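Please open the model in your viewer and keep the sequence panel beside it. The tour below proceeds by selection, with a short account of what is found at each stop.

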Amino acid sequence: MFQKLSAHSSHSVTTAPAQNGHTTLACKWFTETRAVQRALGHPRPHAGHRSTLGNTHKHKDSETHIHLKQPKERCSPLLNNTDQVFPVHFAYLALILKKMKRRDTPQFKQKSPHNLGKIEMPRQFPKVLLSEVDESVRLLAEKVYASALKEEDTKDSLSMYTVSEDCPIGMNQVREREMLKEIAEQYSEESTKRKKSFKMKRSQSLSQQFPSSLNICPEWALSVVAPLFTPGAHSLEFQRVTISGDYCAGITVEDYEQAAKTLIKALFIREKYSRLAYHRFPRTTAQFLRSAENQKWNVEEEILPDMCPCPQEGEDPYTMEGIPDDLNYALQMKDGIVYVYNDAEALKQQQPRSLPYPDLETFAIDLSHVLAMIADGPTKTYCHRRLNFMASKFYLHEMLNEMAELKELKRVPHRDFYNVRKVDTHIHAAACMNQKHLLKFIQTTYKTEADRVVLEKGGQKLTLKQVFDTLTMDPYDLTVDSLDVHAGRQTFHRFDKFNSKYNPVGASELREIYLKTDNYIKGEYFARIIKEVAHELEESKYQHAEPRMSIYGRSPVEWESLASWFIQHKVHSPNMRWVIQVPRIYDIFKSKNIIPNYAKLLENIFLPLFKATVNPQKNKEMHVFLKYVTGFDSVDDESKHSDHMFSYKSPKPEEWTSGENPPYSYYLFYMYANIMVLNNLRKERGLNTFQFRPHCGEAGSITHLVSAFLTADNISHGLNLKKSPVLQYLYYLAQVPIAMSPLSNNSLFLEYSKNPLKEFLQKGLCVSLSTDDPMQFHYTKEALMEEYAIAAQLWKLSTCDTCEIARNSVLQSGLSHQEKMHFLGPNYLQDGPEGNDIRRTNVAQIRMAYRHETLCNELSFLVEAVKSEASGTQASSHTNTHRPAQRFGGNKQIKGP
Ligand SMILES: [Zn+2]
């Protein structure tokens, strides 16, 4: 018994005699070699490899090796034992079930997190209390957080969440252990039966393979699961790569089931947080999750962000007409989250409006589940193998279909890479022009407005000429070199040096004059420069950008001044949407005594937004400005870490009075929480919602990516996904968009050639290209094109690849539904080729079908395991309780002979 790797297509292929319209290609050598090796008792040629090392932290057999390298306390005691993870997950599921039952009683309106689809407003945040959860869940959470902190501390490559690349001793031991386990399994009657039943399922008819509730084209679905299938008239003809035989091979049935169960649970958790915040969640994944619960997905359940459509030509983007009325709601910040009350009386009674107010404890518990999972050995192995498989599969797909994809693109009239829509999904406004542009702008202003007062310093008003005199420089002599805003070798791994690059000529005065919105000239120069950049985008027509503007949380008036800057200088452009970035610098404001505690920072950031939503009449400028704001970003150097460990015991924001900066997860949770409540309030009013799009995974702890997996609609950077196979696989399954900036990384954290973008793209993660800071990193006027060009050259990307990235960037962006329909095709919300209009995106339908089928394939593995286990549990209830003991008992018996 072995897995067959085959490529088949509907038309005959010359490599082998065609029968029934498909061929089995290649890999005969591979399977044969492997069969021989197995017969000889060799471990598989590429079984595990890197991933197997992950297991070393967990399995008893391999503890010895680990302790050679690490002091014992670094391994979480819990994670040395696989079996404990099992009851914990059951406990959690039981709790959720309990909650689901409770909602049947009429007075309890709370719905299960798995069932949010049918929820009408008002919605509730499903709370989980630590006192309510099982002791085991509590212990798990505590242990996970304890080790997460150590992880942040040690910065050791061999930490519990990541996979080390070179440790031969451990690798051999783990291989041996896996083999023993598998042999034991072969001896176990029950396992053999289960394995057989899985295999049987694979060859059964389509109707049983793919739940009919899925809106997936049945032909493709069949082609995914049954290799002997000839695609029908409706589906695309291309050569498909499929595996036949026992797909579970190389991993024991128990491990596979455990991995599937935990992964599905993580997806449920993300779905819950996404839906509550009006973040996107991919249809295909949602369909499979419903089918895991034996439910049907329907399109009405889908939750999407609401973005304001771009004003039509001739319409005034700054119009103050038709602004909604005051709702007279009362607002109050409590535990770091803004609560909304119907009136002052309700506030007095402390009876908030029914909105889903999240709480830290529930979040901490949910987070701990995903944290535990990414350190779980079997899950790590499973994900690593799937990711490797997906990379190889893409390689074969490319080899087999490259020409067919190209042919498709050649047939598309008018469209090419230059005129598909691209969005610069991650760019900072203060660095959105390139260095040459800034230099020219400075010289122009000096030429025409030298006598204008531009700066007030120490009570003295200075003209532009005086400013340059005090700096003892003549703008005519300035060059891009003396401007010194470009990042270079000296900024690598030095974020502090990089930050100073925002000061032209190293002078903070010039930054103040040219790159700030609230200065003596009311941000006029900055607005002019941005408008010049916007003008260039409009000229090029097909490029868009989403610049970040800062709100610091220093004072509550920041919003007002930003909004009035925007309207006064008429900064709106149809090719730009705005994202608000909040730097994580509480510690700086606290040390200067600007704010008393962390809650004040949150209040300064979010209360004005709630006020503008409740009473737009009183905040007209903000109301107009917010139409063009589509999201929030959280920014700063991720590699500097907080000494505080984030957990459910973390102090409330009001109690956070120390000078220490809160950890990343703490920032993320409170930003998410407020954005989520705000979105629900705005949705009630029919106003646009916001997405949370933090910088994440550029450096620092891998736990940042876990927090973002729950709270973010999409992220910027994501480099550290490289280190965790489980998280990478989860980001794939949930199709979490990642805006990557390899040129920026090259100057700061990671050499270009080591950037994982190409690898992520091949595996099918939803990646886009962005510039981050053209002022520091780029040379040409079209920074985004420069980014695409370098990536395409270096990685030899095909036109289809670059157009796929461009399509991802539009999907990820905060452009409105109307614009996306216009740029991608009217059905863009559908996954697969049906959602793609090749005449607009220039992405081959074959590519779309390949991606869609691959995702369905991966998800179906997980759902099948969960479902079969559920039915298995019903059939013989003793199975679960006995399995772990049996597994290890089995090992011991085998060890002797
Ligand atoms: Zn950035």
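**Stop 1: a loop residue and its neighbours.** Begin by selecting Gln830, which is found in the loop between α33 (817–824) and α34 (838–841). Please bear in mind throughout that this is a predicted model. Gln830 counts as partly exposed, because 16 C-beta neighbours lie inside 10 Å. Leaving aside residues up to four places away in sequence, Gln830 touches Arg283 and Gly835. Now add Pro282 to the selection: 548 residues separate Gln830 and Pro282 along the chain, yet their C-alpha atoms are separated by 9.0 Å.

**Stop 2: helix α11.** Arg283 leads to the next selection, helix α11 (residues 283–292). Is this helix covered or exposed? It is mostly covered, with 10 of its 10 residues buried. The buried residues of α11 include Arg283, Gln287 and Arg290, as well as Phe288 and Leu289. Just after α11, select Asn294, which takes a positive phi of about 60°.

**Stop 3: two loop residues with positive phi.** Continue to Asn328, in the loop between α11 and β3 (330–334). Asn328 has a positive phi of about 60° although it is not a glycine. With 10 C-beta neighbours inside 10 Å, Asn328 counts as exposed. Then select Lys541, which lies in the loop between α20 and β8. Lys541 is not a glycine either, and has a positive phi of about 70°. Lys541 is exposed, with 11 other C-beta atoms within 10 Å.

**Stop 4: helix α20.** From Lys541, step back to helix α20 (residues 524–540) and select Ile529 within it. Ile529 is buried, because 21 other C-beta atoms lie within 10 Å. Which residues does Ile529 touch, not counting those up to four places away in sequence? They are Met433, Phe441 and Tyr514. Display His437 as well: Ile529 and His437 are 92 residues apart in sequence, and 8.5 Å apart in space from C-alpha to C-alpha.

**Stop 5: the five-stranded sheet.** Next, colour the strands β5, β8, β9, β10 and β11, which form an open sheet in the order β5-β8-β9-β10-β11 with parallel pairing. Strands β5 (422–428) and β11 (691–692) stand at the edges, each with a single partner strand, so one side of each is left without a neighbour in the sheet. Despite its edge position, β5 is mostly covered, since seven of its seven residues are buried.

Follow the sheet from β5 to strand β8 (residues 543–550), with which β5 pairs in the parallel sense over five bridges. To see one of the pairings, select Val423, whose bridge partner in β8 is His544. Farther along the sheet order, strand β9 (residues 578–583) and strand β10 (residues 629–635) run parallel and are joined by six bridges. Select Pro583 here; its bridge partner in β10 is Val635.

**Stop 6: two crossing helices.** Select helix α10 (residues 253–276) together with helix α14 (residues 377–410); their axes come within 8 Å and cross at roughly 85°. These two helices are therefore roughly perpendicular to each other. On the α10 side, the contact is made by Asp255, Tyr256, Gln258, Ala259, Thr262 and Leu263. On the α14 side, Pro378, Thr379, Thr381 and Tyr382 take part.

**Stop 7: the nonpolar cores.** Now turn to the largest nonpolar core, which has 181 residues. Select Leu727, Leu730 and Ile738, the residues with the most contacts inside this core. Its largest share, 14 residues, comes from helix α25 (residues 664–685). The core also draws at least three residues from each of domain 1 (4–272 + 376–400 + 851–895) and domain 2 (323–357 + 546–693).

Centre the view on Ile738. Among the residues that Ile738 touches, not counting those up to four places away in sequence, are Asn714, Tyr731, Phe760 and Cys766. Apart from the largest core lies another, of nine residues, among them Phe498, Ala699, Leu748 and Leu750.

**Last stop: the whole chain.** Finally, zoom out to the full protein chain, which contains 36 helices and 15 strands. Of its 897 residues, 49% count as buried. Among contacts in the chain with a separation of 6 or more, 72% are between residues 24 or more positions apart.

How values were computed: Residues are numbered from 1 along each chain as its sequence is written. This is a predicted model: local features need pLDDT of at least 70, side-chain atom pairs count only at pLDDT 80 or more; totals for chains, interfaces and linings use all residues. A nonpolar core is a set of buried Ala, Val, Leu, Ile, Met, Phe, Trp, Tyr and Cys residues joined through C-beta atoms within 7 Å. A residue is buried if 20 or more other C-beta atoms lie within 10 Å of its own, exposed if 12 or fewer, and partly exposed in between; C-beta atoms are placed from the backbone. Helices (H or I, at least four residues) and strands (E, at least two) are DSSP runs, numbered from the N terminus. Domain bounds come from an automatic or database domain assignment. Two residues are in contact if their C-beta atoms, placed from the backbone, lie within 7 Å. Two strands pair if DSSP finds at least two bridges between them. Axes are lines fitted to C-alpha atoms, for helices over the stretch in contact, and angles run from 0 to 180 degrees between N-to-C directions. Angles under 35 degrees count as roughly parallel, over 145 as roughly antiparallel, 65 to 115 as roughly perpendicular and the rest as oblique.
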